[in-house]
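Reader: I've got a sequence and a model open on my screen and I'd like to talk it through. Could you take my questions one by one?

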Amino acid sequence: MPEARNRSTLDRYFFASMALLFVATAAIGFAPNSVAIISGAKANPALIVHIHAAAMAAWLVLLATQALLVALDKVHLHRRLGMTTAVLAPAIVVIMCVLAVSSFPGFESPRADAILVVQFKRIALFSLFCAWGFAARKTDRQAHKRLMLLATFVVIDAAVNRMLFLPTLGFDSRLEFGFV
């Protein structure tokens with residue numbers, strides 16, 4: 001019994017740690033861009049980009065809060081707050097679709113088709129994992145937490161792609177997809 005309790009505690013803190021790591025990844029990845037926009041060194045993007053940033057920040061804060069609530073054994077608060085995902089996740093999907101399509105008017109870039117495929121892959125996987133995770137919340141808690149983490153994992157690469165200090169290992173897709 002103590003071994004199962006230790007595993008459960010370790011499991012709860014693993015998911016909380018991963019959620020906090022995602023928050024840190026987004027902050028590190030997008031901070032230089034945000035500072036450049038605020039300072040005027042970079043043009044202010046379209047309103048949809050700001051809406052997307054706010055929605056994704058809300059998602060990350062919600063994920064971290066939810067994981068921390070479970071780690072602190074506040075499951076009743078986790079469940080109450082969790083209903084927010086029923087509204088936030090579909091809103092994020094719509095925003096991501098609008099952003100993906102509006103980012104490529106006329107498809108001037110020769111790589112626009114590849115970029116759009118990557119964007120819609122993210123959208124499809126985020127949607128699938130969120131819907132599946134939400135559906136499993138009452139019947140399979142283990143699947144629920146893993147699926148919500150996976151949903152976030154498939155979109156966090158947008159922050160990682162902006163971390164220019166990371167090694168590229170000879171393949172720098174950031175140049176192809178316009179992150180640099």
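What follows is a short run of questions and answers about this predicted model.

Reader: Let's start with the overall layout. How many helices and strands does the protein have?
Author: Reading along the sequence, you get the pattern α-α-α-α-α-α-α-α. Put as a tally of secondary structure, that comes to eight helices and zero strands.

Reader: What share of the residues counts as buried?
Author: The protein has 180 residues to go through. A residue counts as buried when its relative accessible area is under 20%. By that cut-off, the buried share is 32%.

Reader: Among contacts between residues at least 6 apart in sequence, what share joins residues at least 24 apart?
Author: A contact here means heavy atoms within 4.5 Å. Taking the contacts between residues at least 6 apart, the share that joins residues at least 24 apart is 66%.

Reader: Now for some packing. At what angle do the axes of α2 and α4 cross?
Author: Helix α2 covers residues 47-71 and helix α4 covers residues 85-102. Their axes come within 10 Å, and α2 passes α4 in a left-handed crossing. The crossing angle is roughly 145°.

Reader: How many charged residues are there in the contact of α2 with α4?
Author: On the α2 side you'll find, among others, Ile 48, His 52, Trp 59 and Leu 62, and the α4 residues they meet include Thr 85, Leu 88, Ile 92 and Ser 102. The residues of this contact divide into 15 nonpolar and three polar. As for charged ones, there are no such residues.

Reader: Thr 85 is on that list. Is Thr 85 buried or exposed?
Author: Thr 85 is found in helix α4. Leaving out residues up to four places away in sequence, Thr 85 touches Trp 59, Leu 62, Pro 90, Phe 134 and Met 148. Its relative accessibility is 10%, so Thr 85 counts as buried.

Reader: On to the aromatics. What kind of pair do Phe 14 and Phe 15 make?
Author: A search of the whole structure finds three aromatic pairs, and the rings of Phe 14 and Phe 15 make one of them, with centres 5.1 Å apart. Phe 14 is partly exposed at 44% relative accessibility, whereas Phe 15 is buried at 10%. Planes over 60 degrees apart count as edge-to-face. The planes of Phe 14 and Phe 15 are at 90°, so the pair is edge-to-face.

Reader: And what kind of pair do Phe 22 and Phe 153 form?
Author: This pair links distant parts of the chain, since Phe 22 is in helix α1 (residues 2-39) and Phe 153 is in helix α6 (residues 141-153), 131 residues apart. Phe 22 counts as buried, at 5% relative accessibility. The rings are 6.4 Å apart centre to centre, with 40° between the planes, and the pair is tilted.

Reader: Which residue has its charged end over the ring of Phe 134?
Author: Look for a charged end 4.0 Å from the centre of the Phe 134 ring. The residue it belongs to is Arg 137.

Reader: Which residues does Gly 29 touch, apart from those up to four places away in sequence?
Author: Gly 29 is found in helix α1 and is buried, with a relative accessible area of 2%. Its C-alpha is 9.3 Å from that of Asp 157, although the two are 128 residues apart in sequence. The residues Gly 29 touches are Ala 159, Arg 162 and Met 163.

Reader: Is His 78 buried or exposed?
Author: His 78 belongs to helix α3 (residues 75-82). Leaving aside its neighbours within four places in sequence, His 78 is in contact with Gln 66, Leu 69, Val 70 and His 144. With a relative accessibility of 16%, His 78 counts as buried.

Reader: What is the phi of Asp 73?
Author: Asp 73 lies in the loop between α2 and α3 and counts as exposed at 53% relative accessibility. Its phi is positive although Asp 73 is not a glycine, with a value of about 60°.

Reader: Last one: what separates the C-alpha atoms of Lys 138 and Arg 79?
Author: Lys 138 sits in the loop between α5 (112-135) and α6, and is exposed with a relative accessible area of 67%. Lys 138 and Arg 79 are 59 residues apart along the chain. Their C-alpha atoms are separated by 9.9 Å.

Technical notes: Residues are numbered from 1 along each chain as its sequence is written. This is a predicted model: local features need pLDDT of at least 70, side-chain atom pairs count only at pLDDT 80 or more; totals for chains, interfaces and linings use all residues. Side-chain values use heavy atoms; hydrogens and water are left out. Axes are lines fitted to C-alpha atoms, for helices over the stretch in contact, and angles run from 0 to 180 degrees between N-to-C directions. Helices (H or I, at least four residues) and strands (E, at least two) are DSSP runs, numbered from the N terminus. A crossing is left-handed if the near helix is turned anticlockwise from the far one by less than a right angle, and right-handed if clockwise. Ala, Val, Leu, Ile, Met, Phe, Trp, Tyr, Cys and Pro count as nonpolar, Asp, Glu, Lys and Arg as charged, and the others, Gly among them, as polar. Rings of Phe, Tyr and Trp (its six-membered ring) pair if their centres lie within 6.5 Å; planes under 30 degrees apart count as stacked, over 60 as edge-to-face and the rest as tilted. Buried means under 20% relative accessible area, exposed over 50%, partly exposed in between (1.4 Å probe, protein chains only). A charge sits over a ring if NZ of Lys or CZ of Arg is within 6 Å of the ring centre and within 35 degrees of the ring normal.
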